[in-house]
Amino acid sequence: MPFRGSSSLRRHPLRCFESVVAPPLFRSSGTNRSIIRYAHSNPLNHSGDVKKIEFADIGCGFGGLLICLSTLFPQKLMIGMELRDKVTEYVKERILALRAAHPGQYQNVSVVRTNSMKYIPNYFDKGQLCKMFFLFPDPHFKEKNHRRRVISPHLLDEYAYALQVGGVIYTITDVEELGDWMKTCLENHPLFEPVTEEELKADPVVELLHSASEEGQKVARNGGQTYRAVYRIASPM
Amino acid sequence: MEEIETEEKEETQITNEGSMQERGTNGTDVEEGETMREPEETQMEERENNREMEVAPALIAVHPFDKSVAVAVGSDLRVFDLARKISISLADDSRDLLHKDCIRAVRFSGRGQLFVSAGDDKLVKIWDADTWKCLATVNSEKRVSAVSISKNELFVCFADKFGVVWAVSLDGLNKIQASCNKKAVPILAHYCSIITCLDFSPDGRFIISADRDFKIRVTVFPENPLNGAHEIQSFCLGHSEYVSSLAVVHNSDYPQGFLLSGGGDSTVRMWDINSGSLLCTCEVGTEVGLSNEPHAAVTDLCAPHGTLVAVAIQSFPGILLLGCDISAKALWVLKAVSFPGETLVPTSLGASSSAELLWTVTGVSNLPEFKASSCLSRVRVFSGFKKTDGTINSELSLLLDREVPGGEKLLEKLQGGVSSKEIEVISAAAADAVRAAMRDLLLKKQYTEERREFRKRRRNDRKLKR
Ligand SMILES: C[S@@+](CC[C@H](N)C(=O)[O-])C[C@H]1O[C@@H](n2cnc3c(N)ncnc32)[C@H](O)[C@@H]1O
């Protein structure tokens, strides 16, 4: 039940990975908060210890990246956050179908419909995540709209809060201007430091940035260029 | 039909989209305004442009050592010197020193040397709280919703209507020199939510910001905040409605203190500042006979000595007193004290750290029915607001006008020359306006269906022109 926000829900660890879909946000009327229970169960949970989500794919779209990560890191819990209802629903169905077709697999992945720009702190504790993904985010070209970009100097504060020391933020885009923007935001942020080229080569996830998500595949098909920025939380001095 | 703008609204906007946002690789900006437009953001812009009906509630601030009291109502800032028992005239140099639009936030610094006022005219004015000279006027890009002064009195921080918190260095503010201009830099932001209050932890390590969604953010306040305040210490999450007010309580056993917050969900909550853990929740609505949430919203908190908390509630003409036990991390309702025979609800509370007085003001700007002055403000003072052991009955009692420090002279100044008698006459009519002002201030704007449609169309038009 990875949502905190009302007193009753708040400090529950993000443990109920039974579900493929995390519960929706509470509505602002405090009276009709609902806790939704799910039927699916997660074998990873039965050991008794509480596992936390460690990967978050922000604006996960149709979920291609999550599906790849799920089998690459079968012991890690991961969640996709997506704003659009129908797309979220699609990802949910997709995960359920995969679980049905491959018993025992894909139990570690889930999706939630939420506005990540507003609700990140409701889903994650401080230092909980070890990887955050921002793949081909919406570019918002106009200067006036830059503050709506999902990577921005101020939002990076929140991502830094959710990530643990050494935790990595992966960004990629096919829009050069946005690529520059994301890199500059990360470069100028005092809590992040770049991951070196060597480390990138050794990281199996990096390849997926280009090939795993639906948007990534589209760009690759069209032979489009991509701009990548991968940073991590620097350890405090 | 009334509809509150929430996530729900956003959801419908999104489902209409059907497919993933179209985005040309050549950098054309297709459909952007429509897909990603945040309701709250739209509303903020709307508010920037369209504000005929806005009424600002009256505010009060008391000097930490009882040197003076300030009341702000509309663009009017009224100060009375309690030590010398004289009215302060802020206009003696030039009209330029004054505010030009509704004041939304006033604050003394912890040591009582400075005073800040700010609001809809996008000006942040920093005053010497002794001479009442305006030391600096800072221009904000947007209207200002909250202000605070850092514990070391080196920085003024203020929040604008777009959720950005700015810092201004007070370094080099020459108390002798005339008013100078200072530049503010953005240090942190709440994404697309109006910040309702700003405060600092008692040790000055953290700046605390609360917003109109439900969030309270605790951020490390660096030695040099002009490079930004990036390190989030905690989020205090638990309010299910907007957070309207903050107060920090501490004592010698707990010098780092605890945070109190009040909100639209009619609760007062106690938090561990370091971890953001919720320590105690005190439901206040039913205590004053208002079970209906929107009427029982907490609008202000005042807790100068950590054992008593005064709470202002949106539709309650009086004060609710809470007991507070810092070591037990507990809050509980002591009693409700109503203004006898009154319908006006307090719009703001104040108290010094030393005295045993609780100051309240009730009032609004731009009140058309009120001829004598368009700004109404009524100041009332309770005695007996003192440190208790938390169990005894607190003897809060309303002072008569002549018993108030500074007496009639003070009231005449702070009430803008209108006598308490005159105010009584119009108070029935004003009561609704006061309540409406408090509601408008905090509730997200409600739009009719037609209005929403109109806004949508307008956005589309803009898009087509390009
Ligand atoms: C261009 S798509 C990329 C999808 C996916 N990452 C991929 O690479 O295929 C951007 C996605 O981010 C989602 N999105 C945009 N803003 C969001 C927000 N504030 N919170 C969650 N998702 C968001 C959009 O709905 C959209 O599905």
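Let's start with B:Ala310 and the company it keeps. Setting aside neighbours within four places in sequence, B:Ala310 is in contact with B:Asp300, B:Leu301, B:Cys302, B:Ile319, B:Leu320, B:Leu321, B:Leu349, B:Leu358 and B:Phe385. Please keep in mind that what you see above is a predicted model. B:Ala310 sits in strand β24, which covers residues 308–313 of chain B. Is B:Ala310 buried or exposed? Its relative accessible area is 0%, and because anything under 20% counts as buried, B:Ala310 is buried. Take one of its partners, B:Leu321: the two residues are eleven apart in sequence, and their C-alpha atoms are 4.8 Å apart in space.

Now let me show you a second residue in chain B, B:Thr360. You can find B:Thr360 in strand β28, residues 358–364. With a relative accessibility of 1%, B:Thr360 counts as buried too. Which residues does B:Thr360 touch, leaving aside its neighbours within four places in sequence? The contacts are B:Ile60, B:Ile319, B:Phe339, B:Pro346, B:Ser348, B:Leu349, B:Arg378, B:Val379, B:Arg380 and B:Phe382. If you compare the two lists, B:Ile319 and B:Leu349 turn up in both.

Let's zoom out to the whole of chain B. How many helices and strands does chain B have? The secondary structure comes to six helices and 31 strands. Chain B has 466 residues, and 61% of them count as buried. Its accessible surface is about 17,800 Å², with 49% of that belonging to carbon and sulfur atoms. Among contacts in chain B with a separation of 6 or more, 55% are between residues 24 or more positions apart.

There is a record to mention here as well. An unreviewed UniProt entry places the feature "repeat: WD" at residues 99–137 and 236–281 of chain B. What do those two spans look like in the model? Residues 99–137 of chain B are 0% helix and 56% strand, and the C-alpha atoms at the ends are 10 Å apart. Residues 236–281 of chain B are 0% helix and 50% strand, with end C-alpha atoms 12 Å apart.

Before we leave chain B, here are two residues with a backbone angle worth a look. Most residues other than glycine have a negative phi. B:Asp66 is not a glycine, yet its phi is positive, about 60°. B:Asp66 lies in the loop between β2 (59–62) and β3 (68–73) of chain B. B:Lys329 also has a positive phi, near 55°. Where is B:Lys329? You will find B:Lys329 in the loop between β25 (318–325) and β26 (330–338) of chain B. The relative accessible area of B:Lys329 is 29%, so it is partly exposed.

Next, chain A. It has eight helices and seven strands. Of its 237 residues, 57% count as buried. The accessible surface of chain A comes to about 9,600 Å², and carbon and sulfur atoms hold 54% of it. For contacts in chain A with a separation of 6 or more, residues 24 or more positions apart account for 76%.

One residue in chain A carries a label from a record. An unreviewed UniProt entry places the feature "active site" at A:Asp138. In the model, A:Asp138 is in the loop between β4 (129–135) and α4 (153–162) of chain A. Why do we call A:Asp138 partly exposed? Its relative accessible area is 29%, and partly exposed means between 20% and 50%.

Let's finish with the ligand. Where does the ligand lie? The ligand is between chains A and B. There are 19 residues around the ligand, and those that come nearest are A:Gly59, A:Glu82, A:Arg84, A:Asn115 and A:Ser213. By type, the shell divides into eight nonpolar, six polar and five charged residues. Three elements of chain A, namely β2 (77–82), α3 (116–123) and α8 (214–221), each supply at least two residues of that shell.

Now for some polar atoms around the ligand. An oxygen atom of the ligand is 2.4 Å from an N or O atom in the side chain of A:Glu82. A ligand nitrogen is 3.0 Å from a polar backbone atom of A:Ser116. At A:Glu215, a polar backbone atom is 2.9 Å from an oxygen atom of the ligand. How much of the ligand's accessible area does the protein cover? On its own the ligand has 590 Å² of accessible area, and the protein covers 96% of that.

Key
Residues numbered from 1 in each chain as written. Chains lettered and ligands numbered in written order. Predicted model: local features only at pLDDT ≥ 70, side-chain atom pairs only at ≥ 80, totals over all residues. Heavy atoms only, no water. Near = heavy atom within 4 Å. Polar contact = N/O pair within 3.5 Å; in protein donor to acceptor, adjacent residues only side chain to side chain. Areas by Shrake-Rupley, 256 points an atom, 1.4 Å probe, with all protein chains shown as cover. Helix = DSSP H or I, 4+ residues; strand = E, 2+ residues; numbered from the N terminus. Nonpolar A, V, L, I, M, F, W, Y, C, P; charged D, E, K, R; others polar. UniProt positions renumbered as here; feature names shortened; annotations may be inferred. Buried < 20%, exposed > 50% of the residue type's maximum accessible area, 1.4 Å probe, protein only. Contact = heavy atoms within 4.5 Å.
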